[in-house]
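Visitor: I would like to learn how to read a protein model. Could we take it one feature at a time?

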Amino acid sequence: KFFKLLLLILFLFPLPSQAGELVSPSSVDLLSPNVFEKSISVKNISQEPIIIRVYADDFSNNLLIEPNEFELWPDQVSPVKITTDFENFSPGVQKTHISVLSKALDKRSFNAISGIKIPLTIYI
């Protein structure tokens, strides 16, 4: 009985919110050189201000991400532009991920970093 009561209390009284983000679209496809620029949207789904950092896991010399670090208030949405330069690559398909990390802005908050990886495919 004690275990059931403990579970009920945990579900009825959630822990304070942590840093969190929502990113759309869930994947990005680019056709180089015809389409060399795309945007993603990042939304703060937590109840506190957060810092967002966005970067490419691979091909950092061929991918420009702007802005790559910014602050978001609760429910605020920000666009992030991804520009590619794969002119010197031979025809084929290149794949990587765009990492979107968030952390609470307030140093007194629980400062675990949460993140999302967005698949990025470049068709050359």
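Visitor: Is Lys117 buried, partly exposed or exposed?

Guide: A word on the source comes before the answer: this is a predicted model. Exposure is read from the relative accessible area, where under 20% means buried and over 50% means exposed. Lys117 has a relative accessible area of 48%, so this residue is partly exposed.

Visitor: With which residue does Lys117 form a salt bridge?

Guide: To call a salt bridge, look for a side-chain nitrogen of Lys or Arg within 4 Å of a carboxyl oxygen of Asp or Glu. Lys117 meets that rule with Asp57, where the closest N and O atoms are 2.8 Å apart. Lys117 belongs to strand β9 and Asp57 to the loop between β4 and β5, so the pair ties together parts that are 60 residues apart in sequence. Asp57 is partly exposed, at 30% relative accessibility.

Visitor: How many salt bridges are found in the whole structure?

Guide: The search finds two. Besides the pair just described, Glu66 and Lys81 meet through their side chains, at 3.8 Å from N to O. Glu66 is in strand β5 and Lys81 in strand β7, so this salt bridge ties together parts that are 15 residues apart in sequence. Glu66 is partly exposed, with a relative accessible area of 38%, and Lys81 is partly exposed too, at 30%.

Visitor: Which peptide bond at Glu66 is cis?

Guide: The bond from Glu66 to Pro67 is, and its omega is near -10 degrees. Pro67 sits in the loop between β5 and β6.

Visitor: Now the strands. In what order do the five strands of the open sheet lie?

Guide: Read a sheet by listing its strands side by side, then ask which way the partners run. Here the order is β2-β9-β8-β4-β6, and the pairing is mixed. At the edges are β2 (28-31) and β6 (69-72), each of which pairs on one side only. Direction ignored, neighbouring strands are turned by 25 degrees against each other on average.

Visitor: Which strands run parallel, and which antiparallel?

Guide: β2 and β9 run parallel and are joined by four bridges. For example, Leu31 has Tyr123 in β9 as its bridge partner. β4 runs antiparallel to β6, with four bridges between them, and Ile51 is partnered there by Glu71. β4 is also antiparallel to β8, through seven bridges; one partner in β8 is Ala104, matched with Ile50.

Visitor: Which residues of β4 are on its covered face?

Guide: A strand has two faces to inspect. In β4, Ile50, Ile52, Val54 and Ala56 make the covered face, while Ile51, Arg53 and Tyr55 make the uncovered one.

Visitor: What kind of surface patch do Leu31, Val93 and Tyr123 make?

Guide: They make a nonpolar patch of about 260 Å². Tyr123, which lies in strand β9, is partly exposed with a relative accessible area of 36%.

Visitor: How is a pair of aromatic rings described?

Guide: By two values, the distance of the centres and the angle of the planes. This structure holds three aromatic pairs. In one of them, Phe59 and Phe86 have ring centres 5.6 Å apart and planes at 75 degrees, so the pair is edge-to-face. The cut-off used is that planes over 60 degrees apart count as edge-to-face. Phe59 is in the loop between β4 (50-56) and β5 (63-66), and Phe86 in the loop between β7 (77-84) and β8 (93-104), so the pair ties together parts that are 27 residues apart in sequence.

Visitor: What arrangement do the rings of Phe86 and Phe89 have?

Guide: Their centres are 4.8 Å apart and their planes at 65 degrees, so this pair is edge-to-face. Phe59, Phe86 and Phe89 form one aromatic cluster. Phe86 is buried, with a relative accessible area of 2%. Phe59 is partly exposed at 21%, and Phe89 is partly exposed at 27%.

Visitor: Last, the backbone angles. What is phi of Phe59 near, and what is phi of Asp75 near?

Guide: Check the sign of phi, and whether the residue is glycine. Phi of Phe59 is near 60 degrees, a positive value in a residue other than glycine. Phi of Asp75 is near 65 degrees, again positive in a residue other than glycine. Asp75 is placed in the loop between β6 and β7 and counts as exposed, at 55% relative accessibility.

Terms used:
Residues are numbered from 1 along each chain as its sequence is written. This is a predicted model: local features need pLDDT of at least 70, side-chain atom pairs count only at pLDDT 80 or more; totals for chains, interfaces and linings use all residues. Side-chain values use heavy atoms; hydrogens and water are left out. Rings of Phe, Tyr and Trp (its six-membered ring) pair if their centres lie within 6.5 Å; planes under 30 degrees apart count as stacked, over 60 as edge-to-face and the rest as tilted. Helices (H or I, at least four residues) and strands (E, at least two) are DSSP runs, numbered from the N terminus. Buried means under 20% relative accessible area, exposed over 50%, partly exposed in between (1.4 Å probe, protein chains only). Two strands pair if DSSP finds at least two bridges between them. Axes are lines fitted to C-alpha atoms, for helices over the stretch in contact, and angles run from 0 to 180 degrees between N-to-C directions. Patches are made of residues with over 30% relative accessible area and no salt bridge: like charges are joined within 9 Å, nonpolar side chains (Val, Leu, Ile, Met, Phe, Trp, Tyr) within 5 Å. Accessible areas come from the Shrake-Rupley method with a 1.4 Å probe; for residues, only the protein chains shown count as cover.
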